Amino acid sequence: GKSGRHERKQKREPRHEPERDNSSRDEVKLMEEYPEYFGLDASNGLDVYVWQMAENSYFEMETAQIRGVDSTNRKTVAKLADGATLIIGEKLLTHGSQQAITEFEVDLYGENSSAHVVSRSVAQDESYQEFISRVYGNNCCSGHTECDAIVMNNAKVTAIPEIKANHTEASLIHEAAIGKIAGEQLIKLMTLGLTEQEAEEQIV
C-alpha cells in the first residue's frame, strides 16, 4: 500500500506574557479625569486618594490612628458606578497636640450604588480632630455617613457631615454625635482587667 509520511509536530507551550503594572497608567487616567484632586499635597501636606469603582465592585477599608502616629491630613475621593459598594470604617485616638483631619467625598453616580462611611474617635489632651464627610447621590442609590466622637481634657472635635441628593431616588442619611466619655464605660471595662488606656482604646 501507499506509505504516508508522518510528521511529528512539536507541541508549542503557550507564551506567558509578563504581567504589566497598570498602576501608573491608571493614575494618569485619574489625573486626566479629576485634575482638581491632584497636586493638592504640594502646599499643605494633604494626602489625596482617588478611587474609581467599577460596576458591581465592592471595597471595604478600615483605617486606624491610635496614639503614637504623627498628625495626619487625608482626603479620599470615590466615584461609584452601577451596583458598586463602598464601606469605610475609621478609628482615631489622638493625644498630646496631635491633629487628625480626614475628609471623605463619595459620588454615587451608578444606579443601585451604595456607601457607608463611619468614624469613631476619642480626642484627648490638647489634640484636635476634624471629620468631613460628603456623600452625593446622583442616581437611585443609598448613602450613610456617621461620626461618633468622645472629647476629653481640652481636646476639640469638629464634625462636618454633608449629604446632597441630586436624584429623586437617592436615599441619604447622616449622623453626628460628640460628647464626653462616660465614666461608667471606663469602669466597666477596667473591671474586666483592662488598664485605663486599654479601656479608652476599646471604646474607640
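Let us start in the middle of the fold, where strands β5 and β7 run parallel and are joined by ten bridges. Keep in mind as you look around that this is a predicted model. One of the places where these two strands meet is Phe104, whose bridge partner in β7 is Ser133.

Strands β5 and β7 belong to a wider arrangement. Five strands make an open sheet, ordered β1-β3-β5-β7-β9, with parallel pairing. At the edges of this sheet stand β1 (47-53) and β9 (156-165); each has a single partner strand, so one side of each is left without a neighbour in the sheet. From one strand to the next, the twist averages 5°.

What is the strand order of the other open sheet with parallel pairing? It is β2-β4-β6-β8-β10, again five strands. Here the edge places are taken by β2 (58-66) and β10 (170-180), and because each has a single partner strand, one side of each lacks a neighbour in the sheet. In this sheet the twist from one strand to the next averages 5°. As general background, the strands of a sheet pair through backbone hydrogen bonds, and they may do so in a parallel or an antiparallel way. Follow β2 and you will find nine bridges joining it to strand β4 (residues 85-94), with the two running parallel. Along β2, Glu60 stands opposite Ile87 in β4.

Now step back to the chain as a whole. Its secondary structure comes to four helices and ten strands. Read along the sequence, the pattern is α-α-β-β-β-β-β-β-β-β-β-β-α-α. Of the 204 residues in the protein chain, 36% are buried. Contacts often reach far along the sequence: among those between residues at least 6 apart, 81% join residues at least 24 apart. The accessible surface of the chain comes to about 12900 Å², and carbon and sulfur atoms account for 47% of that area.

With that overview in mind, let us look at the aromatic side chains. How many aromatic pairs does a search of the whole structure find? It finds two. In one, Trp51 and Phe59 meet edge-to-face, with 4.9 Å from centre to centre and 65° between the planes. Phe59 has a relative accessible area of 35%, so this residue is partly exposed. The other pair is made by Phe104 and Phe131; their ring centres are 6.2 Å apart and their planes are at 55°, so the pair is tilted. This pair links distant parts of the chain, since Phe104 is in strand β5 (residues 99-108) and Phe131 is in strand β7 (residues 128-137), 27 residues apart. Are these two rings' residues buried or exposed? Phe104 counts as buried because its relative accessibility is 4%, and Phe131 is buried as well, at 4% relative accessibility. A further ring is met by a charge: the charged end of Lys164 sits over the ring of Tyr136, 5.4 Å from its centre.

The loops hold some details of their own. Gln98 has its place in the loop between β4 and β5, yet with a relative accessibility of 11% this residue counts as buried. Leaving aside neighbours within four places in sequence, the contacts of Gln98 include Gln65, Arg67, Leu93 and Tyr128.

Two asparagines in other loops deserve a look for their backbone. Most residues other than glycine have a negative phi. Asn112, although not a glycine, has a positive phi of about 60°. Asn112 lies in the loop between β5 and β6 (114-123), and counts as exposed because its relative accessibility is 53%. Asn153 also has a positive phi, of about 55°, without being a glycine. You will find Asn153 in the loop between β8 (141-151) and β9, and at 56% relative accessibility Asn153 counts as exposed.

Our last stop is Ala170, in strand β10. At 17% relative accessibility, Ala170 counts as buried. Not counting residues up to four places away in sequence, Ala170 touches Gly137, Asn139, Cys141 and Ala165. Ala170 and Ser113 are 57 residues apart in sequence, and 9.8 Å separates them in space, C-alpha to C-alpha.

Definitions and conventions:
Residues numbered from 1 in each chain as written. Predicted model: local features only at pLDDT ≥ 70, side-chain atom pairs only at ≥ 80, totals over all residues. Heavy atoms only, no water. Phe/Tyr/Trp six-rings, centres within 6.5 Å; stacked < 30°, edge-to-face > 60°. Buried < 20%, exposed > 50% of the residue type's maximum accessible area, 1.4 Å probe, protein only. Lys NZ or Arg CZ within 6 Å of the ring centre and 35° of its normal. Pairing = 2+ DSSP bridges. Axes fitted to C-alpha atoms, helices over the stretch in contact; angles between N-to-C directions. Contact = heavy atoms within 4.5 Å. Areas by Shrake-Rupley, 256 points an atom, 1.4 Å probe, with all protein chains shown as cover.
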